[in-house]
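Please open the model in a viewer and keep the sequence panel at hand. The stops below proceed from selection to selection.

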Amino acid sequence: MLKAVQLRWWRRLVLAALRHGAGCGCGGGGRPSGTRGTSSYRSAFGGAASGAVNVFDRVLKRKQKNWAAQQPEPLKYEYLKEEVGSRVADRVYDIARDFPLALDVGCGRGYIAQHLNKEVVGKIFQADIAENALKNSVETEIPTVRVLADEEFLPFKENTFDLVVSSLSLHWVNDLPRAFKQIHYVLKPDGVFIGAMFGGDTLFELRCSLQLAELEREGGFSPHISPFTAVNDLGHLLGRAGFNTLTVDTDEIQVNFPGMFEVMEDLQGMGESNCSWNRKPLLHRETMLAAAAIYQEMYGNEDGSVPATFQIYYMIGWKYHDSQARPAQRGSATVSFGDLGKINNLISHGKK
Amino acid sequence: MSGTGAVWSRVRSRIRSFPERLATCGAEAAAYGKCVQAAAAPGGELRRNLCAKEFEALRNCFVAVVRVAAGLAAASFSRLPRAGAGEGKGGAPSDRALLPVPA
């Protein structure tokens with residue numbers, strides 16, 4: 001989400017639909033959130049490139065993830081992915097079913113599979129764009145097949161998997177509706193998709209500090225944090241992709257750091273550096289210094305540390321199957337809402 | 001991140017000194033932060049170089065921190081010519097080249 005080091009090359013593309021947080025209302029404690037506009041959600045699954053959105057440089061993201069995965073101590077930076085991976089695995093356990101065949105989309109080093117066991121998941125396919133991440137993946141007892149695949153172009157047949165999971169990788173996908181449609185496609189009927197992705201308020205402190213610093217130092221600002229999906233849009237996207245019985249819930253993880261530079265270093269170590277096409281390749285040292293001072297002053301804790309907020313959206317969606325519960329037909333009610341006051345009587349009558 | 005990586009490691013090593021320098025200059029950083037926060041509040045107007053005075057103070061403090069090798073606490077000097085004040089190994093060249101004068 002942040003690129004602080006000067007790049008030797010950068011390309012600037014004219015983007016059809018890109019937007020970022022409009023101004024910074026940080027003074028009153030408000031949180032500006034960058035959101036993706038809805039005008040980009042017109043491309044159909046397998047549709048023409050004219051509707052395609054190109055926000056992120058996927059080749060660069062692959063390089064960044066490869067670099068992050070081949071570091072000597074990956075565990076030092078990937079605590080957040082470990083934590084979210086375990087929470088997604090909890091949600092898998094919550095479903096009272098076992099899944100013979102599962103797929104992990106954008107698995108990274110495999111943070112979900114290490115928490116699952118052979119009874120719940122028979123075999124798991126792990127797909128990621130970074131080969132180093134697949135090579136250095138975490139040990140798990142489930143038989144694994146590792147596939148080098150992009151989240152938007154899954155190389156699997158229709159109705160293959162009972163379970164698809166995804167943890168913290170969908171926020172780098174260019175065409176999110178298409179990715180959801182692909183996931184829906186590879187799922188079997190009555191299959192479930194459990195995903196986790198970063199949401200609207202993530203890193204708002206960093207976003208705000210950088211905007212204010214750039215405004216004060218340079219007179220204008222450019223986006224350094226990538227745009228995140230809003231929770232309403234997420235529900236709509238999942239619905240349009242064909243998922244039933246949606247559940248979206250949000251969780252906030254706040255991590256304390258000594259200062260802004262450590263935040264940026266950890267983000268880069270996680271492989272979460274910025275890769276949008278419209279990123280500014282250079283962040284001046286003075287701007288960094290100013291932003292760090294602002295971050296400390298505006299958001300610092302009493303003990304001198306600074307918080308970084310990560311908002312995670314967990315989503316569960318099911319592929320339609322006849323056995324699933326459906327909404328009742330209109331006019332099939334047997335009791336009226338007006339009788340709600342007499343519900344005790346109704347229950348005791350029912351027991352007799 | 002290409003070729004020998006010499007430029008990248010040099011830049012990285014400089015950036016690694018930033019957190020401790022910033023910690024040493026806590027008071028100036030707080031003053032600058034307060035100025036910007038006040039300007040960004042509703043009713044204020046944040047424009048370029050509004051808090052230039054506070055930032056100058058912060059920058060001077062930042063640059064003047066002499067990095068002593070072997071992990072001793074950084075000592076803050078007033079602005080002296082580099083040749084006379086250099087105590088840390090390799091501290092002098094990186095300090096001089098640290099912050100470019102804004103155009």
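Begin by selecting W67(A), which is partly exposed at 23% relative accessibility in this predicted model. Now add W8(B), likewise partly exposed, with a relative accessible area of 22%. These two residues form an edge-to-face aromatic pair, 6.0 Å from centre to centre and with 80 degrees between the planes. W67(A) belongs to helix 1 (residues 58-69) of chain A and W8(B) to helix 1 (residues 6-16) of chain B, so the pair joins two chains. Over all chains there are 13 aromatic pairs.

For another of them, select F125(A) and F156(A). Their ring centres are 5.7 Å apart and their planes stand at 90 degrees, so this pair is edge-to-face. F125(A) is in strand 2 of chain A, whereas F156(A) is in the loop between strand 3 (144-148) and strand 4 (161-167) of chain A, so that the pair links parts of the chain 31 residues apart. F125(A) is buried at 17% relative accessibility, and F156(A) is buried at 15%. Adding F161(A) to the selection completes one aromatic cluster with F125(A) and F156(A).

Next, turn to charged side chains. The whole structure contains 19 salt bridges over all chains. Select R58(A) and E151(A), whose side chains meet in a salt bridge with an N to O distance of 2.4 Å. R58(A) lies in helix 1 of chain A and E151(A) in the loop between strand 3 and strand 4 of chain A, 93 residues apart. Both ends are buried: R58(A) has a relative accessible area of 13%, and E151(A) one of 2%.

Which residue of chain A forms a salt bridge with R59(B)? Select E286(A): the closest N and O atoms of this pair are 3.3 Å apart. Because R59(B) lies in helix 4 (residues 52-64) of chain B and E286(A) in helix 8 of chain A, the pair joins two chains. R59(B) is buried at 11% relative accessibility, and E286(A) is buried with a relative accessible area of 7%. Extend the selection to E216(A), R217(A) and E56(B), which are linked with E286(A) and R59(B) in a network of salt bridges.

Move on to K342(A) and D339(A), which form a salt bridge with their closest N and O atoms 3.4 Å apart. Here K342(A) is partly exposed at 47% relative accessibility, and D339(A) is partly exposed with a relative accessible area of 26%.

Now select D128(A), in strand 2 (residues 121-128) of chain A. D128(A) is buried yet has no salt bridge, and the nearest side chain of opposite charge, that of K65(A), is 4.6 Å away. What does the side chain of D128(A) reach at 2.9 Å? Display the backbone nitrogen of G108(A), which lies at that distance. A polar atom of the D128(A) side chain also lies 3.0 Å from the backbone nitrogen of A130(A). Beyond four places in sequence, the residues that D128(A) touches include K65(A), C107(A), L134(A) and V147(A).

Finally, show the nonpolar interior. In the largest nonpolar core, of 75 residues, L163(A), I194(A), L206(A) and Y32(B) touch the most other members. Helix 8 (residues 285-299) of chain A supplies the largest share of this core, with ten residues. Select L163(A) to see its contacts beyond four places in sequence, among them V92(A), F99(A), V121(A), L187(A) and I194(A). Apart from this core lies another, of 27 residues, including F125(A), L103(A), L170(A) and L237(A).

Key
Residues are numbered from 1 along each chain as its sequence is written. Chains are lettered from A and ligands numbered from 1 in the order in which they are written. This is a predicted model: local features need pLDDT of at least 70, side-chain atom pairs count only at pLDDT 80 or more; totals for chains, interfaces and linings use all residues. Side-chain values use heavy atoms; hydrogens and water are left out. Helices (H or I, at least four residues) and strands (E, at least two) are DSSP runs, numbered from the N terminus. Buried means under 20% relative accessible area, exposed over 50%, partly exposed in between (1.4 Å probe, protein chains only). Lys and Arg count as positive and Asp and Glu as negative; His and the chain ends are not counted. A salt bridge is a side-chain nitrogen of Lys or Arg within 4 Å of a carboxyl oxygen of Asp or Glu. A polar contact is a pair of N or O atoms within 3.5 Å; within protein, one must be able to donate a hydrogen and the other to accept it, and residues adjacent in sequence count only if both atoms are side-chain atoms. Contact means heavy atoms within 4.5 Å. A nonpolar core is a set of buried Ala, Val, Leu, Ile, Met, Phe, Trp, Tyr and Cys residues joined through side-chain atoms within 4.5 Å. Rings of Phe, Tyr and Trp (its six-membered ring) pair if their centres lie within 6.5 Å; planes under 30 degrees apart count as stacked, over 60 as edge-to-face and the rest as tilted.
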